[in-house]
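Take a look at the protein shown here. We will walk through it piece by piece, starting from a single residue and moving outward.

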Amino acid sequence: MIRLHDIRQARLRTRNPSRTPARRPLLKRMAACLAAIAAVTVSPWASAQDWPARPVTILVNGGPGSLPDLFARPLAERLHHALGQPVVVENKPGAGGMLAMQQLKSAPADGHTLALVTNAHLVWNPYIFPALTYDPARDLQPVSPLAVIPMALTVNDKLQARSLDQLLALARQKPGRLNYASSGNGSPPHVLFEMLREQAGVDIMHVPFKTGTGALNSVLAGDTEIYFAGTALVEPMVKEGRLRVLAMSEAVPDAAFGKAPTLAASHFTGFEGAVWLGVAARAGT
């Protein structure tokens, strides 16, 4: 499992997606700085470059305490120490990430505005939203991968389902009566649960929220019943016994999740390594 303190060990392999040689120096410096932070290494030359010349903003499609926010804040802190410039996290939840991506698209192409992105923003959204306000291939510039997020299928502790098989049996007995929360249309919890629902052939209602914390709180309160969420977000509630883990997208060496079977073990496919986080800039950076 990837916890916050594991960010320093996350693999930040530099991509070189530049279309022109002029883009390479800045992107290399940005990716190299991220890699240095992952290794807890502050390079003395990083702050001597032209970038950054002023505070850096990291846009996050999620509210405070959301899964992307949990990764963005320690990243911002380490960037600040490495670069000697303030690094501000700006939360822009909603609209499937379009608010954050639109702001990134409109920012100057100088590397001072970045965004924490998931594969939902860079890969899935063009296939989900017919009126997408940005083109990932045309408007965004990938800088570096950050982390792969294991996902935990959790339920409210009062739900009468102690295993994935029991949950699916309950859904078949009461079609349309169970519901699951997500952090919005097109979000990883939404897309991945729809994959599971389709493979299982069950009718479970989708209840979208603006943020992951909103979805989480709804399950904790019993207003919704199921949440397929990143382990870093739900780990405290699992350890407290307020959420029950029925299945994992992949095996993780953690006591809170290690006893839950993987979805692949239950013959549901396509969930391993399904969610990743990265850093992107505006195209032309």
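**A walk from one residue outward**

L164 has a relative accessibility of 4%, so L164 counts as buried. The cut-off for that label is under 20%. Keep in mind that this is a predicted model. L164 is found in helix α6, which covers residues 164-173.

What does L164 touch, leaving aside its neighbours within four places in sequence? The contacts of L164 are L153, L246, A247, L263, S266 and F268. Another residue to locate is T154. T154 and L164 are 10 residues apart in sequence, and their C-alpha atoms are 9.7 Å apart in space.

Now follow one of those contacts, S266. S266 sits in the loop between β9 and β10. Is S266 buried or partly exposed? S266 has a relative accessible area of 24%, so S266 is partly exposed. Buried would need a value under 20%. Along the chain, S266 and D165 are 101 residues apart. In space, the C-alpha atoms of S266 and D165 are separated by 8.6 Å.

P261 lies in the loop between β9 and β10 too. P261 has 37% relative accessibility and therefore counts as partly exposed. Setting aside residues up to four places away in sequence, P261 touches L246, A247 and M248. Take A247 from that list. P261 and A247 are 14 residues apart in sequence, yet 5.1 Å apart in space, C-alpha to C-alpha. A247 is also among the contacts of L164.

The loop between β9 and β10 holds one more residue to visit, F271. A search of the whole structure finds two aromatic pairs. One of them joins F228 and F271. How is such a pair described? A pair of aromatic rings is described by the distance of the centres and the angle of the planes. For F228 and F271, the centres are 6.1 Å apart and the planes are at 50°, a tilted pair. This pair links distant parts of the chain. F228 is in strand β8 (residues 226-230), and F271 is 43 residues away from F228. Both F228 and F271 are buried.

Next comes helix α8, residues 212-221, where S218 lies. S218 has 5% relative accessibility, so S218 counts as buried. Beyond residues up to four places away in sequence, S218 touches A181, F209, D223 and T224. S218 has company in α8: G212, A215, L216, V219 and L220 are buried as well. Compare the spacing of those numbers with a general rule. An α-helix has 3.6 residues a turn, so residues three or four places apart point the same way.

What covers the buried residues of α8? The cover includes strands β5 (151-156), β6 (179-182), β8 and β9, together with helix α9 (231-239). Just after α8, G222 takes a positive phi of about 85°.

Helix α7 makes a useful companion. It runs over residues 188-200, 13 residues in total. From its first C-alpha to its last, α7 reaches 18 Å, close to the 18 Å expected at 1.5 Å a residue. The buried residues of α7 are P188, P189, H190, V191, L192, F193, L196 and A200. Just after α7, G201 takes a positive phi of about 70°.

P188 leads on to the largest pocket. About 370 Å³ of space lies in this pocket. It is lined by 32 residues, and the closest to its centre are N61, P68, S183, S187 and P188. Which elements give two or more residues to the lining? They are α2 (67-83), α4 (119-128), α7 and β8. The largest share, three residues, comes from β8. Strand β8 also carries F228 of the aromatic pair.

Finally, step back to the whole chain. It has nine helices and 10 strands. Of its 285 residues, 54% are buried. The chain exposes about 12400 Å², and carbon and sulfur atoms supply 53% of that area. Consider the contacts with a separation of 6 or more: residues 24 or more positions apart account for 76% of them. The pair of F228 and F271, 43 residues apart, shows such a link between distant parts of the chain.

Note on methods: Residues numbered from 1 in each chain as written. Predicted model: local features only at pLDDT ≥ 70, side-chain atom pairs only at ≥ 80, totals over all residues. Heavy atoms only, no water. Helix = DSSP H or I, 4+ residues; strand = E, 2+ residues; numbered from the N terminus. Expected span 1.5 Å × (residues − 1). Buried < 20%, exposed > 50% of the residue type's maximum accessible area, 1.4 Å probe, protein only. Contact = heavy atoms within 4.5 Å. Areas by Shrake-Rupley, 256 points an atom, 1.4 Å probe, with all protein chains shown as cover. Phe/Tyr/Trp six-rings, centres within 6.5 Å; stacked < 30°, edge-to-face > 60°. 1 Å grid on protein atoms, 1.4 Å probe; cavity = no way out; pocket = protein on both sides within 12 Å on 5 of 7 lines; lining within 4 Å. Points joined across faces, edges and corners; volume = space filled by probe spheres on them.
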